[in-house]
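Q: Please take a close look at one part of this model, namely the way its strands pair, and set a buried stretch of helix beside it at the end. I would like the cut-offs stated where each term comes in.

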Amino acid sequence: METSEITAIVDELVAAGTSRVPVKRLTARYPGMSVEDAYRVQNAWRERCEAAGRQLAGRKIGLTSRAMQAATGITEPDYGIIFEDMILENGATIEWEKFTHPRVEVELAFKLGKDISGPGATIFDVLDATDYVIPALEILDSRIEMEGRTIVDTISDNAALGAMVLGGSPVRPMDVDLRWISAILYKNQTVEETGVGAGVLNHPAAGVYWLANKIAAHGDGLKAGEVILAGSFTRPMWVHAGDTVLADYGPLGTITCQFA
């Protein structure tokens, strides 16, 4: 794609983030658009946000579980950017109208104490570099219309990240079998979803080293201090104004938020 086309798409996405009106599906308008083009869009959007003063806080990994791949029809992982203003505290009241199509997922977040560089990063590098793992809820948003979207559209849309809520009790990654961390997701006191960490590529840390190796090709790496959302182990749950969400991670505590 031409640089002018990338710039025009970023203009649309920035405007959609303000108006809450999704833009028409990119792959319908640019049928030759590739995954590489999509990451160019995402990177240009990131640069635009950073120029406006937003601060990088970490990365998210998406579409890592069979549950999420089945829900979206997309069969390979993707990644996006987390800015500091996207991270919300446990118990937050969230303005529903600030999102276009809010949905909630159950995840684990890795707080890095050391850099992780690819290629060749392994699960052991991730476990060694992680200060702690903590429960997280991801709030999905959509600046691009959802019907018929492909991974190219999703990547361009910053992997559909809107915000995230951190809570519960942090745990060191070697002190627990992360594959067996489980969660029950409630909406308005009704169980909607359940899942275990192994649903994410058989181990939540697998997505983190996948990401380190993926971005190494672009001369990038994961940095100490970053928060990495490792991917959902439940299907996305639709939420509406007035809904209360609670995720119970058992020994790792609970996360809650309300949409107003």
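The answer begins with one strand, follows its partners outwards, turns to a separate sheet, and ends with two neighbouring residues in a helix.

A: The model is a predicted one, in which local features need pLDDT of at least 70 and side-chain atom pairs count only at pLDDT 80 or more, while totals for chains, interfaces and linings use all residues. Residues are numbered from 1 along each chain as its sequence is written, and side-chain values use heavy atoms, with hydrogens and water left out.

The natural starting point is strand β5, residues 103-112, where strands (E, at least two residues) and helices (H or I, at least four) are DSSP runs numbered from the N terminus. Nine of the ten residues of β5 are buried, so the strand is largely enclosed by the rest of the structure; buried here means under 20% relative accessible area, exposed over 50%, and partly exposed in between, with a 1.4 Å probe and protein chains only.

Which strands pair with β5, and in what sense? Two strands pair if DSSP finds at least two bridges between them, and by that criterion β5 runs antiparallel to strand β6 (residues 130-140), with ten bridges between them. Within that pairing, Lys 111 of β5 has Tyr 132 of β6 as its bridge partner. Strand β11 (residues 237-238) is also paired with β5 in the antiparallel sense, here over two bridges, and Trp 238 in β11 stands opposite Arg 103. A further antiparallel pairing, with three bridges, links β5 to β10, where Phe 110 is matched with Ile 228 of β10.

Strand β10 covers residues 227-229 and leads on to strand β1, with which it pairs in the parallel sense over three bridges. The sense of pairing at β10 is therefore worth following from one partner to the other, given that two strands count as paired if at least two bridges are found by DSSP: β10 runs antiparallel to β5 but parallel to β1. On the β1 side, Lys 60 has Leu 229 of β10 as its bridge partner, whereas on the β5 side it is Ile 228 of β10 that partners Phe 110.

Strand β1 itself, residues 56-62, is mostly covered, with six of its seven residues buried. Besides its parallel pairing with β10, β1 pairs with strand β2 (residues 78-83) in the antiparallel sense, over six bridges. The bridge partner of Arg 59 in that pairing is Ile 81 of β2. As for the side chains along such strands, in a regular strand they alternate between the two faces of the sheet.

A separate group is the open sheet of five strands, which follow the order β4-β13-β12-β8-β9 with mixed pairing. Its edge strands are β4 (93-94) and β9 (190-196), each of which pairs on one side only. Inside the stated order, β8 (residues 182-187) and β12 (residues 244-248) run antiparallel and are joined by four bridges, and in this pair Tyr 186 stands opposite Leu 246 of β12.

The helical counterpart to these covered strands is a stretch of helix α3, in which both Asp 37 and Ala 38 are found. Asp 37 counts as buried because its relative accessibility is 9%, and Ala 38 counts as buried because its value is 0%. For contacts, meaning heavy atoms within 4.5 Å, and with neighbours within four places in sequence left aside, Asp 37 touches Met 1, Ile 6 and Gly 32. On the same basis, Ala 38 is in contact with Met 33, Val 152, Ile 155 and Ser 156.

The side chain of Asp 37 also reaches the backbone nitrogen of Ser 34 at 3.1 Å; a polar contact is a pair of N or O atoms within 3.5 Å, where within protein one must be able to donate a hydrogen and the other to accept it, and residues adjacent in sequence count only if both atoms are side-chain atoms. Finally, for a reference distance across the model, the C-alpha atoms of Ala 38 and Ala 198 are separated by 29 Å, with these positions 160 residues apart along the chain numbering.
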